[in-house]
Amino acid sequence: MSILHSTARELTHGGRGILAADESIKTMSARLEAEGITAGETARRDYRELLLTAPGLSATVSGIILADETFGQELSDGRPFPVAARELGVLPGIKVDTGTTPLPGAGGALITEGLDGLGARLSSYAERGAAFAKWRAVIDIATTTEQTARANGHALARYAALCQEHGIVPIVEPEVLCSGDHDIVACADTTRLALAVVFNELEDAGVDLRGIVLKPNFVTPGLEAPKVSAAAVAAATFEILRSTVPAAVPGIAFLSGGHPTDDVCAFLKELSAIPERPWDVTFSFGRALVSAALSTWGGAPANVDAAQERLLDNCRQAADATA
Ligand code: 5MM
């Protein structure tokens, strides 16, 4: 088995999942400030160290996605984050997109940037220990068209092919945003379009599907719309995935998208129980794993243990949902 295949499998198989701790400096700073913590390089580092060093994290977490700033930082014991992650039994990953910008003439739809110079950056990340990478396309139901989905799918495919050339597993994340009051059918339609286009582009780019991880949204009503049952979400999500995601993909790791922890774990549990599913399913949650830990910490060293317990509880709940 090639390193790409074994890494993709290690990330998604065996009842563990991925911790998304790759908030950009702007997003992370805003989340710290919202908890009354003065945001700066040191606070962002301390917070990511709290997450990575939670005792026994590797029992439930296979990989951690880091932002460029964190990837170049050291823990308080002097170990670089990617080195410490491997020593702690967690594969280090790196977010390599550089964010979104409006696509010209596309009514506000966004395109994700970061392809220029990406090959050189991937070489450097690989030398420093990155096992996998992440690129997120942001897809808004109100503005997405076939053309804008294709532009984002094309970028995702170019990124994925480049990652594989450097021995790095690409996480392919076409995120249909959960914000809004749309119904589940609207989410299903846009998710189907986004995934169909992405797999078309991945095939055209010659990407080895056995060496990727797909990171999609669950198919749900918008966060401001009435909820449906977890069984209904799982059925709708499986229906879309079955018709768009080839069985060669080893694993699917879902984003949480702003849904509460209990809800996304219930969605995952229902999906895991579908017997005809050809891929492993797991989590690649950000907020659903870390929000409670961040507010428990509040920037106080005395709260680190309690914050780590909140993180570990959520990781255990998510991992249990994959069984
Ligand atoms: C952790 O947040 C990631 C980076 O976000 P920004 O670049 O906007 O700061 C984000 O890509 C995340 O990995 C996914 O959206 C999944 O996170 P959630 O919180 O939706 O599970």
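A pocket here is an open set of grid points, traced over the protein atoms alone, with protein on both sides within 12 Å along at least five of seven lines. In this predicted model, the largest pocket holds about 750 Å³ of space. It is lined by 34 residues, and those closest to its centre are D22, E23, S24, K95 and R136. Several helices and strands give two or more residues to this lining: α2 (25–34), α4 (68–71), α6 (118–127), β5 (110–112), β6, β7 and β10 (280–285). Sorted by class, the lining comprises 14 charged, ten polar and ten nonpolar residues.

Turning to the ligand, the space that it takes is this largest pocket. A shell of 17 residues surrounds the ligand, with T27, K134, S256, G257 and R287 the closest. Two strands, β6 (132–139) and β7 (169–176), each supply at least two residues of that shell. The shell is made up of nine charged, five polar and three nonpolar residues.

Polar contacts to oxygen atoms of the ligand come from the side chains of several residues, and three can be described here. For K134, one of the closest residues to the ligand, a side-chain N or O atom is 2.3 Å from a ligand oxygen. A polar atom in the side chain of K215 lies 3.2 Å from an oxygen atom of the ligand, and for E173 the corresponding separation from a ligand oxygen is 3.4 Å. As for overall burial, the ligand on its own has 510 Å² of accessible area, of which the protein covers 89%.

Conventions. Residues numbered from 1 in each chain as written. Predicted model: local features only at pLDDT ≥ 70, side-chain atom pairs only at ≥ 80, totals over all residues. Heavy atoms only, no water. Near = heavy atom within 4 Å. Polar contact = N/O pair within 3.5 Å; in protein donor to acceptor, adjacent residues only side chain to side chain. Areas by Shrake-Rupley, 256 points an atom, 1.4 Å probe, with all protein chains shown as cover. 1 Å grid on protein atoms, 1.4 Å probe; cavity = no way out; pocket = protein on both sides within 12 Å on 5 of 7 lines; lining within 4 Å. Sits in = over half its atoms within 2 Å of the grid points. Helix = DSSP H or I, 4+ residues; strand = E, 2+ residues; numbered from the N terminus. Nonpolar A, V, L, I, M, F, W, Y, C, P; charged D, E, K, R; others polar. Points joined across faces, edges and corners; volume = space filled by probe spheres on them.
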